[in-house]
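Student: I'd like to learn how to read the packing of a structure like this one. Could we go through it together?

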Amino acid sequence: MSKERKLAFTYNAPVTLTFALISFIVLVVGWITGGKSTEMFFMVYRSKVSVAWFVRLFGHVLGHSSLSHYAGNMTLFLLLGPVLEEKYGHATLIEAFAIVAVISGLVNILFFSTGLLGASGLVFMMIILVSASDLKRGEIPITMILVMIIYLGSELWSMVVAKDNISQLTHIIGGLCGALFGAVLNNYKK
């Protein structure tokens, strides 16, 4: 008699899955409140420093303007997150998210008068960090160089040519943070 295998769902990447779930809840609550909750807590912009200002500084990566904005970010986020969580651990990934959120939020506050929301800076950090996962002392993977050239080149091109509501600078900041994190986190491999 053969044993039957039962399928079981696993919460395999808690940071990634929890982030995606919270972002979805933020999106739904934003719809319910007509965008007021998103603007109040999940969009970073120039304002007086307050408790809400600090919440927005970290929380803007959880906010999304539409279902398609959310889906576009979460598709790659859910693909890359489990790989990074397994390689670097939950705490390291949370720290990386917080650093990218704060840097991109502060840059937006200092240099732009528009609001910023969405996880695309995190996604681009994750893209570069995954491509940097094979970094070893004295070696740089050609795949990482190509990803950075193609990615940074397209973002720089879009900054000059595109007239859209996409913050290419946030993508570049995320990508540069991913390269820096990759170098630091993989510095001790032989």
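Student: Which residues of the largest nonpolar core touch the most other members?

Tutor: Keep in mind from the start that this is a predicted model. The largest nonpolar core has 29 residues, and the ones that touch the most other members are Phe-19, Phe-77, Phe-97, Leu-122 and Met-125. At least two residues of this core come from each of helix H1 (14-32), helix H4 (67-88), helix H5 (90-111), helix H6 (120-131) and helix H8 (168-185). There is also a second, separate core of 10 residues, with Phe-124, Ala-132, Leu-135 and Met-148 among them.

Student: Let me take one member of the larger set. With what is Phe-77 in contact, leaving aside its neighbours within four places in sequence?

Tutor: Phe-77 is in contact with Thr-16, Phe-19, Pro-82, Phe-97, Leu-122, Val-123 and Met-126. Two of these partners, Phe-19 and Phe-97, are also on the list of residues that touch the most other core members.

Student: How confident is the predictor here, and where is confidence lowest and highest?

Tutor: Begin with the whole chain, then go element by element. The mean pLDDT of the protein chain is 87, and 90% of its residues reach 70 or more. Helix H1 has the highest confidence, at 98, while H7 has the lowest, at a mean of 74.

Student: Which residue could we look at in H7?

Tutor: Met-148 has its place in helix H7, which covers residues 142-161. We met Met-148 a moment ago as a member of the second core.

Student: Why does Met-148 count as buried?

Tutor: The cut-off for buried is under 20% relative accessible area. Met-148 has a relative accessible area of 17%, so it is buried. Not counting residues up to four places away in sequence, Met-148 touches Ile-128, Gly-153 and Ala-179. For a view across the sequence, take Met-148 and Leu-176: they are 28 residues apart along the chain, with their C-alpha atoms 8.8 Å apart.

Student: Is Leu-21 buried or partly exposed?

Tutor: Leu-21 lies in helix H1. Its relative accessible area is 47%, so Leu-21 is partly exposed. From Leu-21 to Met-40 there are 19 residues in sequence and 19 Å in space, C-alpha to C-alpha.

Student: Now a polar side chain. Is Asn-73 buried or exposed?

Tutor: Asn-73, found in helix H4, is buried because its relative accessible area is 8%. To see what surrounds a residue, list its contacts beyond the local sequence. Not counting residues up to four places away, Asn-73 touches His-64, Gly-118, Ala-119, Ser-120 and Val-123. Val-123 is also a contact of Phe-77. Asn-73 and Ser-23 are 50 residues apart in sequence, and their C-alpha atoms are 10 Å apart.

Student: And what about Thr-170: is it buried or exposed?

Tutor: Thr-170 lies in helix H8. Thr-170 counts as buried because its relative accessibility is 6%. Beyond its neighbours within four places in sequence, Thr-170 is in contact with Ser-104, Leu-116 and Gly-121.

Student: Let's turn to pockets. Which residues line the second largest pocket?

Tutor: With a pocket, ask about volume, then lining, then chemistry. The volume of the second largest pocket is about 230 Å³. Its lining consists of Val-15, Phe-19, Ile-22, Phe-58, Gly-59, Val-61, Leu-62, Ile-94, Phe-97, Ala-98 and Ala-101. Two or more lining residues come from each of H1, helix H3 (51-59) and H5. H5 gives the largest share, 4 residues. By class, the lining has 10 nonpolar residues, 1 polar residue and no charged residues.

Student: Gly-59 caught my eye in that lining. Is Gly-59 buried or exposed?

Tutor: Gly-59 is found in helix H3. With a relative accessibility of 6%, Gly-59 counts as buried. Leaving aside neighbours within four places in sequence, Gly-59 is in contact with Phe-41 and Phe-42. The C-alpha atoms of Gly-59 and Ala-119 are separated by 9.8 Å, with their positions 60 residues apart along the chain.

How values were computed. Residues numbered from 1 in each chain as written. Predicted model: local features only at pLDDT ≥ 70, side-chain atom pairs only at ≥ 80, totals over all residues. Heavy atoms only, no water. Core = buried A, V, L, I, M, F, W, Y, C linked by side-chain atoms within 4.5 Å. Buried < 20%, exposed > 50% of the residue type's maximum accessible area, 1.4 Å probe, protein only. Contact = heavy atoms within 4.5 Å. 1 Å grid on protein atoms, 1.4 Å probe; cavity = no way out; pocket = protein on both sides within 12 Å on 5 of 7 lines; lining within 4 Å. Points joined across faces, edges and corners; volume = space filled by probe spheres on them. Nonpolar A, V, L, I, M, F, W, Y, C, P; charged D, E, K, R; others polar. pLDDT = per-residue confidence, 0-100.
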